[in-house]
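Please describe the helix packing in this protein chain, with attention to buried positions and to unusual backbone angles in the loops. A report in running text with one small table would be suitable.

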Amino acid sequence: MGIQDGATHCHLATPAPEADTDASSSSSSSLVTHTLALLRSDDLSLRVQAAKEIRRLTKTSQRYRRYFSAAVGPLVDMLSYQSAEANEAALAALLNLAVKDETNKIKIIEAGALKPIIGFLQSENLALQEHAAAALITLSASSVNKQVISASGAIPLLVEILGHGSSQAKYDAVMALYNLSTYTDNLGQILETEPIPLLVDLLKSCKRSSKTAEKCTALIESLVGFEEGRMALKSEDGGILAVVEVLEGGSPQSREHAVGALLTMCESDRSRYREPILMEGVIPGLLELTVQGTPKSQSKAQMLLRLLRDTPYPRSELQPDTIENIVSNIISQIDGEDQVGKAKQMLAEMVQVSMEQSLRHLQKRALVCTPADIPINSCASEVPSK
């Protein structure tokens with residue numbers, strides 16, 4: 001399994017008592033010295049054993065990641081051996097050394113790890129391919145490394161894995177691509193690989209609430225900032241629908257990215273993208289977001305609803321520019337009884353939820369404003385909360 005930067009799989013052991021600190025430090029130093037000696041041995045099996053021990057010790061310990069910084073060079077050398085076992089052991093150890101350690105991330109790249117890692121992305125050995133993609137997640141979390149990794153030719157290979165890799169490799173590849181995409185200059189290079197169809201396929205096959213869906217949608221949101229990305233999503237069969245489905249059932253962060261992507265499209269060219277977005281039944285999900293989404297989702301959902309009606313501009317004083325009026329206007333233009341019925345039901349539920357939220361807010365204010373001489377418990381019993 002690939003390890004995301006910052007992920008750990010078990011709790012750190014309880015620190016030793018003060019009196020044993022010196023003894024513990026001495027023991028750690030001795031273990032590190034011994035393991036580093038094995039890593040430099042002429043016996044390959046001993047080097048593999050040392051790499052596995054470094055992987056074990058650095059899995060959850062920041063202290064050992066610092067201690068084994070000197071192992072980076074020898075481990076990178078092992079990546080060029082003609083031994084899959086040695087390659088895997090070294091890659092896994094380097095991956096753990098890089099987690100939450102900016103210095104080691106940079107040191108690993110500077111030691112020449114990138115070239116063999118790029119080679120492993122093309123390997124028929126699936127375990128090596130997965131380790132390589134996972135290593136790139138962690139290494140690309142460093143802002144210093146993002147440009148170097150993209151210049152190495154990693155991006156087209158990561159996109160290729162989205163289409164042909166194992167489930168784990170696809171997950172790791174989309175995570176690495178997302179990390180690389182946060183360096184703005186890399187977006188153009190990602191776009192050139194035409195990743196939208198593969199990202200849509202991945203969205204269709206993964207759980208809407210998963211981390212994979214979150215990073216796919218985040219990438220799509222960034223890519224539709226370009227006309228090529230918008231056109232690719234519109235022309236991909238089920239492309240806009242896949243984003244709408246995440247907007248309806250994804251994690252809060254995924255839904256924020258999904259509504260952001262659709263809003264970007266509609267803002268860029270309302271006449272071109274309004275109809276395709278409306279056709280995919282986006283209204284119920286947007287209504288729900290206006291009252292239950294993150295603050296950003298709520299704001300973006302309201303902006304998108306305004307753009308989706310027949311005119312994006314306020315009507316008249318006779319018809320206030322409220323969400324209810326905006327949605328009623330949109331409903332009147334939608335074809336299909338199912339969608340209209342669902343939208344009307346969602347509108348009624350949205351109003352109900354909004355009223356309930358307002359009531360709860362008033363109840364909380366009543367509790368907060370209780371005079372000091374009135375017992376809180378008696379006041380709370382008089383104002384039941386849901």
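Ile 54 lies in helix H2, which spans residues 44-58; helices here are DSSP runs of H or I with at least four residues, numbered from the N terminus. The structure is a predicted model, in which local features need pLDDT of at least 70 and side-chain atom pairs count only at pLDDT 80 or more, while totals for chains, interfaces and linings use all residues. Residues are numbered from 1 along each chain as its sequence is written, and side-chain values use heavy atoms, with hydrogens and water left out.

Ile 54 is buried, with a relative accessible area of 0%, where buried means under 20% relative accessible area, exposed means over 50%, and partly exposed lies in between, for a 1.4 Å probe and protein chains only. Leaving aside residues up to four places away in sequence, Ile 54 touches Thr 35, Leu 39, Phe 68, Ala 71, Leu 75, Ala 93 and Leu 97, contact being heavy atoms within 4.5 Å. One of these partners, Leu 39, is 15 residues from Ile 54 along the chain, and the C-alpha atoms of the two are separated by 9.5 Å.

Two helix pairs can be set side by side, with axes that are lines fitted to C-alpha atoms over the stretch in contact and angles that run from 0 to 180 degrees between N-to-C directions.

| Helix pair | Angle | Distance between axes |
|---|---|---|
| H6 (residues 102-110) and H9 (residues 143-151) | about 25° | 9 Å |
| H10 and H13 | about 40° | 9 Å |

The angle of about 25° between H6 and H9 makes H6 roughly parallel to H9, since angles under 35 degrees count as roughly parallel, over 145 as roughly antiparallel, 65 to 115 as roughly perpendicular and the rest as oblique. In this pair Glu 102, Lys 105, Ile 106 and Ile 109 of H6 meet Ser 143, Val 144, Asn 145, Val 148 and Ile 149 of H9. For the other pair, the angle of about 40° makes H10 oblique to H13, and Val 159, Leu 162 and Gly 163 of H10 meet Leu 198, Leu 199 and Leu 202 of H13.

Both H6 and H13 have buried residues that line one face of the helix. In H6 the buried residues are Asn 104, Lys 105, Ile 108 and Ile 109, and seen down the axis of H6 they fall within an arc of 135°, the arc being that of the directions from the helix axis to the C-beta atoms. On the other side of H6, Thr 103 and Glu 110 are exposed, whereas the cover over its buried residues includes H3, H4, H5, H7, H8 and H9. In H13 the buried residues are Ile 196, Leu 199, Val 200, Leu 202 and Leu 203, which fall within an arc of 160° when seen down the axis of H13. The cover over the buried residues of H13 includes H10, H11, H14, H15 and H16.

Two loop residues have backbone angles worth noting. Lys 100, in the loop between H5 and H6, has a positive phi of about 60° although it is not a glycine, and Lys 100 is partly exposed, with a relative accessible area of 48%. Glu 194, in the loop between H12 and H13, has a positive phi near 55° and is likewise a residue other than glycine; Glu 194 is exposed, with a relative accessible area of 62%.
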